[in-house]
Amino acid sequence: MKLIALIAVCLTGGLLIYGTMDMPRWGDPRSPASLHVSPRYIEKTLEETAVPNMVTSVLADYRGYDTLGETTVIFTAGIACILLIRRFSR
Amino acid sequence: MEQIVGKYNYWVYIILMMIGFYAMIGKRNLVKKLIGMNIFQTSIILFFISTGSKKGATIPIVANGHGTMHQAIEAIQYINPLPHVLMLTAIVVMVSTFGVALALLLMIYRRYQTLEEDEILSLRKK
Amino acid sequence: MIAPFEDVIIQTVCRFLIPFLQVYGLYVIAHGHSSPGGGFQGGVILGASFILLCLSYDIQEMKKRLSPRANVIFFSVGLIIYSGIGVLCLLLGGKYLDYSWLHKILPVGPVEARSMGIFGIEVGVGITVMAVMISIFLDLASEEQHLGS
């Protein structure tokens, strides 16, 4: 069983390392991740939101709807733990 | 050679990911599988953050930003803040999944009095 | 599951440390604008201060200060603050979560109103995350006769 797991892990690792041949270099300023909408967030954060921390302004203002969904996720996890473990005696 | 020097960070995170993956499928105890899942998710988070770095750039906080509303900000001097934002959500999802999984393990232990996968499967077959 | 642990050194050190931890957690939430931090990080630190109280003393000590029923109310208070600010922006004429319309009720300009809106929702997120951390720990660490109604 562990031998099969080891073979599967090595195969997957080899495929993933082969997949990194196409990825950009580490620290490349012209990688596709840093080109499309990210320069707009970096340049306009101080004049549109007056918040120097770019991560907070993107998290809470430009992508505030995603943060609402994330707060709902952690709320649901808390409710799920309560429903699973607490026994309500009547 | 250029492949190794330019991309060794991806290789390190793939090795970490494979360690977590082996723990998830190769171990028999349920808690060890859960720890493997945690290692897997942590390696994914590190991988994404490493794709957003730029050589010679500083952290994504404008220095002396309060008060002065108009400053010359160039996008190439600051690292990409978008992977950091997405990974904050991923960390919260990681913690939530871990909490609910531990609650499920507690219920499994109360019912079967064991946490080994093969013993639980043989107890269910009876 | 957790037995009360009585060690003088640990109890004394934690008694001094926990108020500083809580002030630090509030500092991280409030300074999310200009230093690394924000709602999630500060909420986890606040939750960790309560968990430290539970680990160094007894679970009953924490329940005297924050009962599980009040904790469940805090789950919803944070989300109500977040959605409430969004609906308030909707009532003032803009879109949902469009904070620049808050300048009609606050004495600042539209750009500063976005900064205030960001601070408001970070407080809501911090409260919810703190309550969930404490609640998950309480569920996993205590026997079931302590909880429930």
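This passage walks through the chains of a predicted model and the way some of their helices pack.

Chain B is a good place to start. It has four helices and zero strands, so along the sequence the pattern simply reads α-α-α-α. Its radius of gyration comes out at 21 Å, while the globule rule gives 14 Å for 126 residues; the value is well over the rule, so chain B is more spread out than a compact globule. The box filled by its C-alpha atoms, taken along the principal axes, is roughly 70 × 45 × 15 Å. Burial in chain B stands at 21% of the 126 residues. As for contacts in chain B with a separation of 6 or more, 50% of them are between residues 24 or more positions apart.

Chain C is likewise built without strands: the tally is five helices and zero strands, and the order along the sequence is α-α-α-α-α. Here the globule rule gives 15 Å for 149 residues, and the radius of gyration, 19 Å, is well over that, so chain C too is more spread out than a compact globule. Its C-alpha trace spans about 55 × 35 × 20 Å along the principal axes. Of the 149 residues in chain C, 37% count as buried. Taking the contacts in chain C between residues at least 6 apart in sequence, 61% link residues at least 24 apart.

Turning to chain A, the helix pair α2(A) and α3(A) packs at an angle of about 75 degrees, with 10 Å between the axes. That angle falls in the 65 to 115 range, and the two helices are therefore roughly perpendicular to each other. On the α2(A) side, the residues that meet α3(A) are A:Y41, A:I42, A:T45 and A:T49; their partners in α3(A) are A:M54, A:S57, A:V58, A:D61 and A:Y62. Sorted by class, this contact has five nonpolar, three polar and one charged residues.

Helix α3(A), residues 54-62, also packs across a chain boundary, against helix α3 of chain B, residues 82-112. In this pair the angle is about 55 degrees and the axes are 9 Å apart, which makes α3(A) and α3(B) oblique to each other. The crossing of α3(A) past α3(B) is right-handed. From α3(A), the residues taking part are A:V55, A:V58 and A:L59, and they meet B:L82, B:H84, B:V85 and B:L88 of α3(B). By class, the contact splits into six nonpolar residues, one polar and no charged. One residue to look at in the viewer is A:V58, listed in the contact with α2(A) and again in the contact with α3(B).

Chain A also touches chain C, with 27 residues of chain A in contact with 28 residues of chain C. Which elements of chain A give two or more residues to this side? They are α2 (38-49), α3 and α4 (64-85). The largest share, twelve residues, comes from α4(A). Across the whole side of chain A that touches chain C, there are 14 nonpolar, nine polar and four charged residues. Helix α3(A) thus turns up in several places: it packs on α2(A), it packs on α3(B), and it gives two or more residues to the side facing chain C.

Methods
Residues numbered from 1 in each chain as written. Chains lettered and ligands numbered in written order. Predicted model: local features only at pLDDT ≥ 70, side-chain atom pairs only at ≥ 80, totals over all residues. Rg over C-alpha atoms; globule rule 2.2 N^0.38 Å. Buried ≥ 20, exposed ≤ 12 C-beta atoms within 10 Å, placed from the backbone. Contact = placed C-beta atoms within 7 Å. Axes fitted to C-alpha atoms, helices over the stretch in contact; angles between N-to-C directions. Parallel < 35°, antiparallel > 145°, perpendicular 65-115°, else oblique. Left-handed = near helix turned anticlockwise from the far one by under 90°. Nonpolar A, V, L, I, M, F, W, Y, C, P; charged D, E, K, R; others polar.
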